[in-house]
Amino acid sequence: MTDPNTDGVDGDSPPENDGHRFDRLPATAAEREVPGRPTRAEVVQWWEQRYGIPPATWEEHTFWEKGNGKLWAFAADVVSPIPVESLGLRILRTRQEHWKPSTDAVQRFGRAATENVVRLDRTEAERFARGEDQELPRWDGDWGYVIAAHEIADGVEPIGVGLYLHGELRSTVPKGRQEDLS
Amino acid sequence: MQPLERYASIVDEFDAFRAACDRPLPSVVRVNTLKASIARARAALDADNVEYEATDWHPGILRLEERGPGTSWPYFHGWLHGQEEVSVLPALALDPQPGDVVWDACAAPGSKTTQLADLMDDRGVLLGNDNNLGRLSALRHNAERLGITNLVVTNQDARNFSFKPFGDRTDDENRIEAVDRALVDAPCSCEGTIRKNPDALDQWSMDHVESVVGIQKGILRRAVQATRAGGTVVYSTCTFAPEENEAVLNHALETEDCELREWEPPAGFETDPGITEWDGDEYDPSVELAHRVYPHRNDTGGFFCAKLEVTG
Ligand SMILES: C[S@@+](CC[C@H](N)C(=O)[O-])C[C@H]1O[C@@H](n2cnc3c(N)ncnc32)[C@H](O)[C@@H]1O
């Protein structure tokens, strides 16, 4: 763990990620100081490539890292680094092979998605909300993290993040949010 | 002594007041318009066969007939948040605008914080603070479920809240050194929650009231100091005790640069004015501009709410 006060002063080792505070993401790779830290450009591009979420969705938001690879979106800008309990909404887990979006991010921003959205019928949606895994052979899109959605009140609404593998849709709805809605 | 008997001399229709305090409170939800329009949330409740009635003063505040909101699709999606009807008032009085910097000094578990975020259209900076870490995790959970992105959560004693984490006294262009508006929804003796928690008054004692008064005064003073000149501070409690209400305002008026301001609750919501005399003490006449909410007037919990402008 680096001491925030000596960060960047110590010339021997590069600055590290510090799990006790939020650091703003660099805009691009050219501005990156902390090794392995994703850039704003990569994050915006990832949402677009994986889910078709337009980059303009994030225009008003700044992106932050706290903890190894956990990214947060904040509606304004503040000083960086900032030692607070939380900052905006946790949207994404990075620094691993397959980046994983959060339930909160998908519920808030997933309506704009056009790709890798798995539409569930009533019973399937109820299973998903309970946190259950289910066979879903009809899906012929990508494997990996998908947005599970259903139709409600005349629109398609994202429910959460599914992991699709070998014909099975796994629900990643966190325990505290699982609900029996049948 | 039954603490509520203290108020026989200041509450009109005291019998109706006592009777209302004995009735349970209806379950109420607020639509989170950051995630769904009021019309869409109501359509989803209809489709789920959840019976409700909109309050006559706000189409997005719904009284449910029966079950709690937790087990319905619109709740799962974060379109609804359970919030007592009367507790909607302070955020309306504060009237935050998108782009403002707002401090919620005693924020957990966040009913009012999340309502403030909604009123701000999730823009600007909302500082949600509480000194109780356990309660802060409930605040975070609620804000996440509702999809709020403009909230910064801090864990400080509000009496000496510091902007140091926000770059106070640096030349960083993103520093925050004062706020446009502050809400002090103070810890209190909770007399007004008797309809929700029938044992709310079991622990009541004058000693407890006096100890909490010191905290209330300290937090309100700090809120006035932390707000820019011309900014707004709202003070609210869920108690009837004048020691915790008008007397605390009086103390802020005497020690800090601020003045009471008139504020009208939504049409159809009936309140009583603040009182200027209690138990041999006299308060600044302007505390009359504060609002006392008695349970028998609107069939809600009890409440107190005042709006101040910072002048110095
Ligand atoms: C009435 S409750 C707040 C309810 C909240 N505003 C809401 O609408 O959900 C009062 C809160 O003040 C907090 N508190 C008590 N003393 C405090 C202090 N000195 N500094 C900051 N918070 C304090 C308590 O932990 C409690 O969560």
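**Exercise 1. The two domains of chain A**

How many Å separate the centres of domain 1 of chain A and domain 2 of chain A, taken over C-alpha atoms? Work from this predicted model, and then describe how the two domains meet.

*Solution.* Begin with the bounds: the domain assignment places residues 4-100 of chain A in domain 1 and residues 116-177 in domain 2. Taken over C-alpha atoms, the centres of these two domains of chain A are separated by 28 Å. Next, look at the contact itself, in which five residues of domain 1 of chain A touch eight residues of domain 2 of chain A. The two domains of chain A bury about 600 Å² between them, and 53% of that area is on carbon and sulfur atoms. Finally, ask which residues supply it: Arg50(A), Tyr51(A) and Lys100(A) together give 87% of the area that domain 1 of chain A buries against domain 2 of chain A, more than any other three residues.

**Exercise 2. The elements of chain A**

Count the helices and strands of chain A, and give their order.

*Solution.* Chain A holds three helices and 11 strands. Read from the N terminus on, its elements follow the order β-α-β-β-β-β-β-α-β-α-β-β-β-β. To place these elements in space, take the principal axes, along which the C-alpha atoms of chain A fill a box of roughly 55 × 30 × 30 Å.

**Exercise 3. Backbone details in loops**

Find the cis peptide bonds that precede Pro81(A) and Pro109(B), and locate the positive phi of His166(A).

*Solution.* In chain A, the peptide bond from Ser80(A) to Pro81(A) is cis, with omega near 0°, and Pro81(A) sits in the loop between β3 (70-74) and β4 (86-87) of chain A. In chain B, Ala108(B) and Pro109(B) are joined by a cis peptide bond whose omega is about 5°, and Pro109(B) belongs to the loop between β5 (101-104) and α5 (111-119) of chain B. His166(A), although not a glycine, has a positive phi of about 50°, and this residue is found in the loop between β10 (155-165) and β11 (168-171) of chain A.

**Exercise 4. The two domains of chain B**

State how chain B is divided, and describe the contact between its domain 1 and domain 2.

*Solution.* Domain 1 of chain B is made of two segments, 3-25 and 84-310, while domain 2 covers 26-83. The C-alpha centres of these domains of chain B lie 25 Å apart. Where they meet, 27 residues of domain 1 of chain B are in contact with 20 residues of domain 2 of chain B. About 1900 Å² is buried between these two domains of chain B, with 52% of it on carbon and sulfur atoms.

**Exercise 5. A helix pair in chain B**

Describe how α7(B) packs with α8(B).

*Solution.* Helix α7 (residues 206-226) of chain B and helix α8 (residues 246-255) of chain B pack at an angle of about 40°, and their axes are 9 Å apart. Because of this angle, α7(B) is oblique to α8(B). The crossing in which α7(B) passes α8(B) is right-handed. From α7(B) the contact is made by Val213(B), Gln216(B), Lys217(B), Leu220(B) and Arg221(B), and from α8(B) by Ala247(B), Val248(B), Leu249(B), His251(B), Ala252(B) and Thr255(B). Sorted by class, the residues in this contact of α7(B) with α8(B) are six nonpolar, three polar and two charged.

Technical notes: Residues are numbered from 1 along each chain as its sequence is written. Chains are lettered from A and ligands numbered from 1 in the order in which they are written. This is a predicted model: local features need pLDDT of at least 70, side-chain atom pairs count only at pLDDT 80 or more; totals for chains, interfaces and linings use all residues. Side-chain values use heavy atoms; hydrogens and water are left out. Axes are lines fitted to C-alpha atoms, for helices over the stretch in contact, and angles run from 0 to 180 degrees between N-to-C directions. Helices (H or I, at least four residues) and strands (E, at least two) are DSSP runs, numbered from the N terminus. Angles under 35 degrees count as roughly parallel, over 145 as roughly antiparallel, 65 to 115 as roughly perpendicular and the rest as oblique. A crossing is left-handed if the near helix is turned anticlockwise from the far one by less than a right angle, and right-handed if clockwise. Contact means heavy atoms within 4.5 Å. Ala, Val, Leu, Ile, Met, Phe, Trp, Tyr, Cys and Pro count as nonpolar, Asp, Glu, Lys and Arg as charged, and the others, Gly among them, as polar. Domain bounds come from an automatic or database domain assignment. Buried area is the accessible area (1.4 Å probe) that two parts lose on being put together, summed over both.
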